[in-house]
Amino acid sequence: FIITSFTITTWAQELTKPMLYSHSIFKASQEYQQKHFASKANVVDTLNLPFVDDFSRSNVYPDGNKWTDRCVFVNNNFGVRAPSKGVATFDGFNEYGRPYVESEFSYGVCDTLTSKPINLNYPASDSIYLSFYIQPQGLGRPPAVNDSLILEFRNITTGKFVKINSWAGSAVYEFKYILIPITNADFLKKGFQFRFKNKGSQYGADDHWNIDYVKLDRNRNINDTS
């Protein structure tokens, strides 16, 4: 009787609420800690251009040679007609596969994806652009209109991240190509960083966003879609 009651209760919850625990992320977190977490020597490295990641060479966690955190879920399942194999999915799970806040009504910043420091010590005339693809919902749950995906750049002088752009939540649409020029002298220095973060429900698998094919390089232009 106890087993039957538990099964019925669990089944009913799955019909009305988002998933509250990601077994695949939790399992991967245990394996990651055993193999990699003890070594942090590469976190302070400064990368040179070009910076490119299409998320095809990593699984569950983003590539530690390019990113400083591991909150997003790298997978082949949530993107709808993605530009390349693999996407980085933002939701309400932390890096251990658990909700950020154990409250159904929690709201705020959830996942972040922060680049390692990059050498952008170039003149504005070098035409530096950051490009990427974004998609709300995918095969997950749609973010509400008051939810958002946010892009920030790190001001080298102040050391603080500055909001550059944001996209409001909506139902799924085709991956949208975004191309942003970087001309501000506060960013054109060695140690530049950029980061994405999603704002929405902090209660598990809800308010999904996908990004794909992130590229930062010189000698580009507004028509560069290659």
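**Entry 1. One bridge**

I looked up Ser148 and found that its bridge partner in S11 is Lys199. I note that the model is a predicted one.

**Entry 2. The strand pair around this bridge**

I then turned to the two strands concerned. Strand S7 covers residues 148-154 and strand S11 covers residues 194-201. I recorded six bridges between S7 and S11, in the antiparallel sense. As background, I recalled that strands of a sheet pair through backbone hydrogen bonds.

**Entry 3. The sheet**

I asked in which order the strands form the sheet. The order is S4-S11-S7-S8: four strands in an open sheet, with antiparallel pairing. I next noted which strands stand at the edges: they are S4, residues 107-114, and S8, residues 161-168. Each of these has a single partner strand, so one side of S4 and one side of S8 lack a neighbour in the sheet. For the twist I entered an average of 25 degrees from one strand to the next.

**Entry 4. Cysteines**

I looked for disulfides and counted zero. Why does Cys71 form no bond to the closest cysteine sulfur? That sulfur belongs to Cys110 and lies 10.0 Å from the sulfur of Cys71, which is too far for a bond; a disulfide requires the two sulfur atoms to be within 2.5 Å. I checked from Cys110 as well, and the closest cysteine sulfur is that of Cys71, at 10.0 Å.

I also looked up whether each cysteine is buried or exposed. Cys71 has 16% relative accessibility and therefore counts as buried. Cys110, at 6% relative accessibility, counts as buried too. The cut-off that I applied for buried is under 20%.

Conventions:
Residues are numbered from 1 along each chain as its sequence is written. This is a predicted model: local features need pLDDT of at least 70, side-chain atom pairs count only at pLDDT 80 or more; totals for chains, interfaces and linings use all residues. Side-chain values use heavy atoms; hydrogens and water are left out. Two strands pair if DSSP finds at least two bridges between them. Axes are lines fitted to C-alpha atoms, for helices over the stretch in contact, and angles run from 0 to 180 degrees between N-to-C directions. Buried means under 20% relative accessible area, exposed over 50%, partly exposed in between (1.4 Å probe, protein chains only).
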